[in-house]
Amino acid sequence: MEKDTDRKPIVTCHGEQELFSSVKAELLQSLQRDPMEWRRSYGRAPKVVFVDVNFVQFSADALPNENDRHLLRKPFFHTYWTDCADADAYKLVVKDEISSWQQMLKEHNVQDWMIILVETSNPKRGQKPKLSLPRSSVADKIKNDFCSRQSDRVIVLHEPPPVPTPRSIESWQNFLQRLRQLVLVSYNRVLGKFEEMVRGERERRNEKGWEFCRYFLLQEELAFTFETLYQYEDALVQYDELDALFSQFIINSQAGVLTVKIQNG
């Protein structure tokens with residue numbers, strides 16, 4: 001039996017896994033709590049959606065390629081987590097890790113990612129760094145090194161839950177809003193490419209060797225994708241189109257058999 005998480009869009013997390021694990025439960029609950037306006041391309045009317053994703057650990061082997069025919073089984077957005085405040089650690093470790101991570105994304109033509117710099121009052125290693133920079137300085141270094149043209153791709157998260165201070169609550173809400181926005185921008189891009197693939201496959205339906213079952217799986221995945229965004233009307237449209245296409249496919253097939261019989265007679 002397929003699990004619900006198997007149909008959720010996949011977002012990866014890289015960097016300090018322990019740090020991400022400390023906020024994962026709250027993040028999963030909070031992310032889908034408030035609706036967002038989703039603006040589609042081609043002049044389509046905006047929709048109100050809820051962002052509900054499945055977070056998994058980053059793996060280069062799971063990155064999509066140009067010929068991928070799956071929407072829900074491949075990650076489409078990627079995050080990097082760090083609470084680095086030490087200048088030496090950033091230069092010698094974190095910077096190289098982010099650079100390597102981004103290089104892997106570029107090799108797979110992945111454009112959608114986000115770096116989260118977490119500000120905590122208690123460094124996890126319990127040792128005072130030799131040179132502690134202001135967090136804003138670390139964030140500026142990350143922006144200069146990796147986000148000079150996309151400053152919205154890095155965000156400083158101050159004392160994430162469960163610390164209940166006004167500043168931490170505001171920071172958490174800003175982070176959620178930014179993450180939802182970037183996830184929807186990414187989803188729009190990936191979904192648009194997949195819809196083009198589905199249209200291209202449908203336009204080849206009269207070619208020799210065209211397989212309805214193969215096409216069905218593509219458009220069914222498109223329907224599943226709309227369901228994950230709670231866009232049930234759009235999902236039903238996919239099934240209506242499949243039903244109409246299948247009916248026409250049967251009619252054309254029967255006409256083809258009839259023609260052969262007449263010619264052979």
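## Strand 6, inside and out

Let's start in the middle of things: from strand 6, Trp113, Ile115, Leu117 and Glu119 point one way, Met114, Ile116 and Val118 point the other way, and all of them are buried. The up-and-down pattern is what you'd look for, since in a regular strand the side chains alternate between the two faces of the sheet. With seven of its seven residues buried, strand 6 is largely enclosed by the rest of the structure. One thing to keep in mind throughout is that this is a predicted model.

Strand 6 has a partner on each flank. It runs parallel to strand 5, and five bridges join the two; in that pairing, Thr82 stands opposite Leu117 of strand 6. With strand 7 the pairing is again in the parallel sense, over five bridges. Here Ile115 has Val154 of strand 7 as its bridge partner, and Val118 is matched with Leu157 in strand 7. Strand 7 is largely enclosed by the rest of the structure too, because four of its five residues are buried.

## The whole chain

Zooming out, the chain has six helices and seven strands. Going along the sequence, they come in the pattern β-α-β-β-β-β-α-β-α-β-α-α-α. There are 265 residues, and 42% of them count as buried.

If you like contact maps, here's one for you: among contacts with a separation of 6 or more, 74% are between residues 24 or more positions apart. As for the surface, the chain exposes about 15300 Å², with carbon and sulfur atoms supplying 50% of that.

## The five-stranded sheet

In what order do the strands of the open sheet sit? The order is 4-1-5-6-7, five strands with parallel pairing. Strand 4 (54–57) and strand 7 (154–158) are the edge strands, each pairing on one side only. On average, neighbouring strands of this sheet are turned by 30 degrees against each other, direction ignored.

At the strand 4 end, four bridges join that strand to strand 1 (residues 10–15), and the two run parallel. Cys13 has Gln57 in strand 4 as its bridge partner.

## Helices on the sheet

Helix 1 (residues 17–31) packs on the sheet and touches strand 1, strand 4, strand 5 (75–82) and strand 6 (113–119). Its direction makes about 170 degrees with that of strand 4. Helix 4 (residues 166–203) packs on the sheet as well, touching strand 4, strand 5, strand 6 and strand 7. The angle between the directions of helix 4 and strand 7 is about 150 degrees.

Helix 2 comes into the picture through a crossover: strand 5, helix 2 and strand 6 make a right-handed β-α-β unit.

## Asp86, ahead of helix 2

Asp86 is placed in the loop between strand 5 and helix 2 (87–107). Is this loop residue buried or exposed? Its relative accessibility is 14%, so Asp86 counts as buried, the cut-off being under 20%.

Which backbone nitrogen does the side chain of Asp86 reach at 2.8 Å? That one belongs to Ala89. The backbone nitrogen of Asp88 also takes part, lying 2.9 Å from a polar atom of the Asp86 side chain.

## Two positive phi values

Most residues other than glycine have a negative phi, which makes a couple of loop residues worth a look. Asn109 has a phi near 55 degrees, a positive value in a residue other than glycine, and lies in the loop between helix 2 and strand 6.

The other case is Tyr230, with phi near 65 degrees, again positive in a residue other than glycine. Tyr230 lies in the loop between helix 5 (212–228) and helix 6 (232–264). With a relative accessible area of 34%, Tyr230 is partly exposed.

## Met36 and its distant partners

Met36 lies in strand 2 (residues 36–38). It is buried, with a relative accessible area of 10%.

What does Met36 touch, not counting residues up to four places away in sequence? The list is Lys47, Val48, Val49, Gln177, Arg180, Gln181 and Leu184. Take Arg180 from that list: it is 144 residues from Met36 along the chain, yet their C-alpha atoms are separated by 7.4 Å.

Key. Residues are numbered from 1 along each chain as its sequence is written. This is a predicted model: local features need pLDDT of at least 70, side-chain atom pairs count only at pLDDT 80 or more; totals for chains, interfaces and linings use all residues. Side-chain values use heavy atoms; hydrogens and water are left out. Buried means under 20% relative accessible area, exposed over 50%, partly exposed in between (1.4 Å probe, protein chains only). Contact means heavy atoms within 4.5 Å. Accessible areas come from the Shrake-Rupley method with a 1.4 Å probe; for residues, only the protein chains shown count as cover. Two strands pair if DSSP finds at least two bridges between them. Axes are lines fitted to C-alpha atoms, for helices over the stretch in contact, and angles run from 0 to 180 degrees between N-to-C directions. A polar contact is a pair of N or O atoms within 3.5 Å; within protein, one must be able to donate a hydrogen and the other to accept it, and residues adjacent in sequence count only if both atoms are side-chain atoms. A crossover is right-handed if, with the strands pointing away from the viewer, the path from the first strand over the helix to the second runs clockwise.
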